[in-house]
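Trainee: Before I use any of the labels attached to this model, I would like to hear how each of them is justified. Could we take them one at a time, setting each value against its cut-off?

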Amino acid sequence: MAAFASLECQTVALLPPGKAHLRDSIQDATRALDAFLASVERKGFRIAQIALRHEADALDVVQDAMMQLSSRYGSRPAAEWKPLFYRILENRIRDVQRRRSVRGRVMSYLPWRNDDDEDIADPIEQAVDLAPQPPAQLEADEAMTALEQAIAALPERQRQAFLLRNFEGLDVAETAASMKCSQGSVKTHYFRAVQALRSKLGDFRT
Amino acid sequence: MKAEPTDEDSSEFERRTRVLLLQSADELSGAVRSRLTQARHAALSAPPARAPALALRWLPAGAAIAAMLALLVVYVPLGKGTMENPVTNAGFDDIEMLTDTDSVPLNGDQEVDYDFYEWAAAEAGEGGPAPAVGS
């Protein structure tokens, strides 16, 4: 919160005297943006994590999206922030996926490539937790893992439509604005995503 | 026999998945939550991006147009569509001249009809000795 407060102070200090109403409106806008970002950051991170299957990449992608929204679109009406944020987030996710794909192709041609370099899993993260867990928690964890894998296996547009509609709770119009497609396409992608997940997960219980 | 999924089943499925996903977002680790908070503060501290100046905004379009004009100047000659090369075309002109049968013979005495000139001189002189050709 220190950085946030310092930015506010810097901006307000630049204002000429007698512009108290401007100072108040700047502070209000910054607080509104802060509240908005706080409301979407966790869901945004989970969406990125499911798509990228990598925690650090997901964090970077969310930070980039927040940066871009704040610096470029912070002056837009607050009602536009959510579709804009998720559009930026999806673009960043796609950038990372493309970069990975290119890197994978290049690395496959190199004779001296070291496959163990980055793909190796952290042994501490992979270690089995031997502490006793309640059965309900275990079941929920297993269900979440299965759901996450099934969502990650969906085609890109279906995954986007499902997560934005179901998880984030955007309506059809907002989802269409985020995905830059028609509302009919959103409905189609969402319906197919639900069908695919149902057929894959079967009797899915939480 | 397995029954077809109904709309009600789908809604229930969607509700269950939504609950699970929201739960996973609420149960993020402290480290991740801390990183997200830092990222949010960094985003709010970032200076607003300024729109590029008008000249800079039109710079790519201007550069593209200039490049196209340069290409036009280099590859499309003014006036004629194709350039004539007098050196390469000279051979064809010479062949046309040599094969032209209507022109004056160039091979000198071989083509001259001497009998005709002798007869013409005899007719003109009436009994006198015919003058030598060329005299």
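Trainee: Which residues of H6(A) meet which residues of H9(A)?

Mentor: In this predicted model, Ala146(A), Leu147(A) and Ala150(A) of H6(A) meet Leu197(A), Lys200(A) and Leu201(A) of H9(A). By class, this contact divides into five nonpolar residues, no polar residue and one charged residue.

Trainee: Why are H6(A) and H9(A) called oblique to each other?

Mentor: The axes of H6(A), residues 135–152, and H9(A), residues 183–201, come within 10 Å and cross at roughly 135°. Roughly perpendicular covers 65 to 115 degrees and roughly antiparallel begins over 145, with the rest counted as oblique; the pair H6(A) and H9(A) is therefore oblique. As for handedness, H6(A) passes H9(A) in a right-handed crossing.

Trainee: What makes H3(A) and H4(A) oblique?

Mentor: H3(A) and H4(A) pack at an angle of about 135°, with their axes 9 Å apart. Set against a limit of over 145 for roughly antiparallel and an upper end of 115 for roughly perpendicular, that angle belongs to the remaining class, and H3(A) and H4(A) are therefore oblique to each other. The crossing by which H3(A) passes H4(A) is right-handed.

Trainee: Which residues form that contact of H3(A) with H4(A), and how do they divide by class?

Mentor: On the side of H3(A) they include Val61(A), Val62(A), Ala65(A) and Leu69(A), and on the side of H4(A) they include Leu84(A), Phe85(A), Ile88(A) and Leu89(A). The division is 12 nonpolar, one polar and three charged.

Trainee: How do you know that H4(A) is oblique to H8(A)?

Mentor: Here H4(A) and H8(A) pack at an angle of about 40°, with their axes 8 Å apart. Roughly parallel would require an angle under 35 degrees, and the value found makes H4(A) oblique to H8(A). The crossing of H4(A) and H8(A) is again one of the right-handed kind. Lys82(A), Pro83(A), Tyr86(A) and Arg87(A) in H4(A) meet Glu174(A), Ala177(A) and Ser178(A) in H8(A), and by class this contact has three nonpolar, one polar and three charged residues.

Trainee: Which residues of H8(A) are buried, and which helices do they pack against?

Mentor: Glu174(A), Thr175(A), Ala176(A), Ser178(A) and Met179(A) are the buried residues of H8(A), and the buried residues of H8(A) pack against H4, H7 and H9 of chain A.

Trainee: Why is Lys180(A) called exposed?

Mentor: Lys180(A) has 11 other C-beta atoms within 10 Å, and it therefore counts as exposed, the cut-off being 12 or fewer. Lys180(A) follows H8(A) and is placed in the loop between H8 and H9 of chain A; although Lys180(A) is not a glycine, its phi is positive, at about 55°.

Trainee: What makes Arg53(A) exposed?

Mentor: Arg53(A) has 12 C-beta neighbours inside 10 Å, and because the exposed class takes in 12 or fewer, Arg53(A) counts as exposed. Arg53(A) lies in the loop between H2 and H3 of chain A, and its phi, near 55°, is a positive value in a residue other than glycine.

Trainee: What can be said about the largest nonpolar core?

Mentor: The largest nonpolar core has 43 residues, and those with the most contacts inside it are Ala48(A), Val62(A), Ala65(A), Phe85(A), Leu89(A) and Phe162(A). Among the elements giving two or more residues to this core are H2, H3 and H4 of chain A, together with helix H2 (30–45) of chain B. H2(A) gives the most, with eight residues. Val62(A), leaving aside its neighbours within four places in sequence, is in contact with Glu41(A), Gly44(A), Phe45(A), Ala48(A), Leu89(A), Leu36(B) and Ala39(B).

Trainee: How many residues of chain A are in contact with chain B?

Mentor: The contact joins 33 residues of chain A to 27 residues of chain B. On the side of chain A, H2(A) gives the most, with 10 residues, and the classes of that side are 18 nonpolar, seven polar and eight charged residues. Chain B itself has five helices and zero strands, and buried residues make up 7% of its 135 residues.

Note on methods:
Residues are numbered from 1 along each chain as its sequence is written. Chains are lettered from A and ligands numbered from 1 in the order in which they are written. This is a predicted model: local features need pLDDT of at least 70, side-chain atom pairs count only at pLDDT 80 or more; totals for chains, interfaces and linings use all residues. Axes are lines fitted to C-alpha atoms, for helices over the stretch in contact, and angles run from 0 to 180 degrees between N-to-C directions. Helices (H or I, at least four residues) and strands (E, at least two) are DSSP runs, numbered from the N terminus. A crossing is left-handed if the near helix is turned anticlockwise from the far one by less than a right angle, and right-handed if clockwise. Two residues are in contact if their C-beta atoms, placed from the backbone, lie within 7 Å. Ala, Val, Leu, Ile, Met, Phe, Trp, Tyr, Cys and Pro count as nonpolar, Asp, Glu, Lys and Arg as charged, and the others, Gly among them, as polar. A nonpolar core is a set of buried Ala, Val, Leu, Ile, Met, Phe, Trp, Tyr and Cys residues joined through C-beta atoms within 7 Å. A residue is buried if 20 or more other C-beta atoms lie within 10 Å of its own, exposed if 12 or fewer, and partly exposed in between; C-beta atoms are placed from the backbone.
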